[in-house]
Every structure is written in structure tokens, then in C-alpha cells.
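Here is a short, friendly tour of one strand and its surroundings. Please have the sequence and the model open as you read.

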Amino acid sequence: MPKILAAIDGSEFAMKALGEAVGIFGPEAEYVLLSVVPPRPPTGVTAGLTATDHAPGARTHGTSTGSNPYAPTADSVAAASEAIYEFYRSAQRQAATHAGVPVKHVIEEAKQRKRRIGRVICESAAEHDCEVIVIGSHGSSYTGEVLLGSVSQYVLHHAEVPVLVVNRS
């Protein structure tokens, strides 16, 4: 039974791609759903950050106290990061329910400046011993990628296993 890695980004294209994979490989195949999230901010960036971190006596956003109600706090940055993870967990659950097959859920983080999303997909396919990668193409990037998005194009050119790209039509 084949092991299939399906890239899930919360889009209808990803759901369609997983559905196509189930139609081709059947419900008895093993499915790994992979979502790639943006990197979390380094801990030093948000450690001890408060809404009142500013130059002493500075006027910010029209206040005389110097407090900045719009400045991010460590808690707000952590909450935003957790919300991103929850979005992808929810997208994976929805995709699995829609496809009607048992799946393994994987969320990987793209490290800053080191790992593009496509690279993470290729690395994860190898790490999980997947035999095929299934990816939806948004076709949203026009420059150099008229038919395929940049992520799907990267995966096509760098994956060590066959790649099924499902486009929007």
C-alpha cells in the first residue's frame, strides 16, 4: 500500500488535491497530511516585550504617557503564533474528514531564511518514507510560473519521488 504525502495549506486546492489522491490511490493507502507554518519569532525578540517598551518620555500614537497600545506584547505574539498552528490543525482535520480516510497529521515549521515551503515538503516526504507527493496548485504567482505556483514548481523540480500536482481547473 503506497504512502502519500499531501500538502495542506487550508485552501480549496489542497482539499481537491487530497480528494484526487484518494480517488487515484484508494482509501487503503497511507496518507500523511503536511502543513508548513511560518517560523515562530526567536525568543529573544519577544522575551520581556511589553506594550510600554519605548524610549523614556516618547510620545507614541498621540499619547502623552508614552504607552503604545498597538505595540505587540510577548503574549500577543505567542497567541498569534498559536492561532496559526490552530488554523493548520483545523485545516488538516477538515481535509481528513472531507477525504474520509485515516491520516497522520504533521506540522513543520519553515525556518527563517533556511527552508522554503517547497523544500520542507520534499524533506518531509523523505523523512516519512512517502512514495508520492500530492500538492494543489494555486497558480497565484504569475512571474515565471504561469501554470503552477512557486511551491508546486519547487516540489516538482526537487522531489525525489513522483509528484501529483492538482491545479485549479
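Leucine 34 touches Leu5, Ala6, Ala7, Ile8, Gln92, Val106, Glu108, Val120, Ile121 and Ser124, leaving aside residues up to four places away in sequence; contact here means heavy atoms within 4.5 Å. One of these partners, valine 120, lies 86 residues apart from leucine 34 along the chain, with 9.4 Å between the two C-alpha atoms. Leucine 34 counts as buried because its relative accessibility is 1%. Buried stands for under 20% relative accessible area, exposed for over 50%, and partly exposed for anything in between (1.4 Å probe, protein chains only).

A word on the source: this is a predicted model, in which local features need pLDDT of at least 70 and side-chain atom pairs count only at pLDDT 80 or more, while totals for chains, interfaces and linings use all residues. Residues are numbered from 1 along each chain as its sequence is written, and side-chain values use heavy atoms, with hydrogens and water left out.

Leucine 34 is found in strand E2. Seven of the eight residues of E2 (residues 30-37) are buried. Helices (H or I, at least four residues) and strands (E, at least two) are DSSP runs, numbered from the N terminus. Strands pair if DSSP finds at least two bridges between them, and E2 has these pairings:

| Pair | Bridges | Direction | Partner of tyrosine 31 |
|---|---|---|---|
| E1 (residues 3-7) and E2 | Five bridges | parallel | isoleucine 4 |
| E2 and E3 (residues 103-109) | Seven bridges | parallel | valine 103 |

Tyrosine 31 of E2 thus stands opposite isoleucine 4 and has valine 103 in E3 as a bridge partner.
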